[in-house]
Amino acid sequence: MCEIQGIRIPSSQVKILYVPLHRKNFPDSQHRYDATALPLQNHTLFMEQAQEVQSALTNATSEELATKYGIKGLPLLSTLSSLSFPISFPYDFMHLIWANFIPNLIFLWTGNFKDLDHDDEGYVLAPKV
């Protein structure tokens, strides 16, 4: 629901996107975000973006916009006035927590998270644990 654009680490081959609030170390980014007033997605913007994806002139443009917005087109349920996109639907808990957060937390606790120096860090669990 947040409109912050993810950015990659400059000069890195890593394809992971990060969403830092302060971006002074990222030359291609001019934004500084206030954590108490994040730019949130709303129904009107969602529907405009969905319409733009759906009415794209080519499949390539449609796919590019779908990737940019995270929307594949106008949802069938958008015809119901009682629903408001995206707030009428819960977050994708399985992907956010079980497929991302938990595995990364295990990697961190076992000293295998990315290429960080985990030596002598208090959070690393012994292999027997």
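These legends walk you through several close-up views of one predicted model.

**Figure 1. The whole chain, built from helices.** Start with the overall picture before zooming in. The secondary structure consists of three helices and zero strands, and reading along the sequence gives the pattern α-α-α. With a radius of gyration of 19 Å, well over the 14 Å that the globule rule gives for 129 residues, the chain is more spread out than a compact globule. If you drew a box around the C-alpha atoms along the principal axes, the box would be roughly 55 × 35 × 35 Å. What share of the 129 residues counts as buried? The share is 16%.

**Figure 2. The loop between α1 and α2, seen at Ser-55.** Helix α1 covers residues 43-54 and helix α2 covers 59-69, with Ser-55 in the loop between these two helices. Is Ser-55 buried, partly exposed or exposed? Its relative accessible area is 43%, and Ser-55 is therefore partly exposed, a class that runs between 20% and 50%. Now look for Leu-74: 19 residues separate it from Ser-55 in the sequence, and the C-alpha atoms of the pair are 9.6 Å apart in space.

**Figure 3. Glu-64 on helix α2.** This view moves on to a residue within a helix. Glu-64 belongs to helix α2, and its relative accessibility of 60% makes it exposed, because exposed means over 50%. How far is the C-alpha atom of Glu-64 from that of Val-53? The separation is 8.5 Å, for two residues that lie 11 residues apart along the chain.

**Figure 4. A cis peptide bond in the loop between α2 and α3.** Here is a backbone detail worth a pause. Most peptide bonds are trans. The bond that joins Phe-85 and Pro-86, however, is cis, with an omega of about 0°. Pro-86 sits in the loop between α2 and α3, and Ile-87 lies in that loop too.

**Figure 5. A nonpolar patch on the surface.** Stay with Ile-87 and look at the residues that join it in a patch. Met-1, Leu-38, Leu-40, Ile-87, Tyr-91 and Leu-96 make up this nonpolar surface patch. Together they have about 610 Å² of accessible area. Is Ile-87 itself buried or exposed? At 57% relative accessibility, Ile-87 is exposed, because the cut-off for that class is over 50%.

**Figure 6. Lys-114, a residue with a positive phi.** Next comes the segment after α3, where Lys-114 is found. Most residues other than glycine have a negative phi. Lys-114 is not a glycine, yet its phi is positive, at about 55°. A relative accessible area of 40% makes Lys-114 partly exposed.

**Figure 7. Asp-120 and a patch of negative charge.** Helix α3 spans residues 93-109, and Asp-120 is located in the segment after it. Which residues gather with Asp-120 in a patch of negative charge on the surface? They are Asp-117, Asp-119 and Glu-121. Asp-120 also has a positive phi, of about 60°, although it is not a glycine. With 83% relative accessibility, Asp-120 counts as exposed.

**Figure 8. Glu-3 and Asp-119, two places on the chain.** Our last view pairs a residue of the negative patch with one from another segment. Glu-3 is in the segment before α1, and at 23% relative accessibility it is partly exposed, because buried would mean under 20%. Asp-119 belongs to the patch of negative charge shown in the previous figure. How many residues apart are Glu-3 and Asp-119 in sequence? They are 116 residues apart, and from C-alpha to C-alpha the two are 37 Å apart in space.

Technical notes:
Residues numbered from 1 in each chain as written. Predicted model: local features only at pLDDT ≥ 70, side-chain atom pairs only at ≥ 80, totals over all residues. Heavy atoms only, no water. Patch = residues over 30% accessible without salt bridge, like charges linked within 9 Å, V, L, I, M, F, W, Y side chains within 5 Å. Areas by Shrake-Rupley, 256 points an atom, 1.4 Å probe, with all protein chains shown as cover. Salt bridge = Lys/Arg side-chain N within 4 Å of Asp/Glu carboxyl O. Lys, Arg positive; Asp, Glu negative; His and termini not counted. Charge placed at Lys NZ, Arg CZ, Asp CG, Glu CD. Helix = DSSP H or I, 4+ residues; strand = E, 2+ residues; numbered from the N terminus. Buried < 20%, exposed > 50% of the residue type's maximum accessible area, 1.4 Å probe, protein only. Rg over C-alpha atoms; globule rule 2.2 N^0.38 Å.
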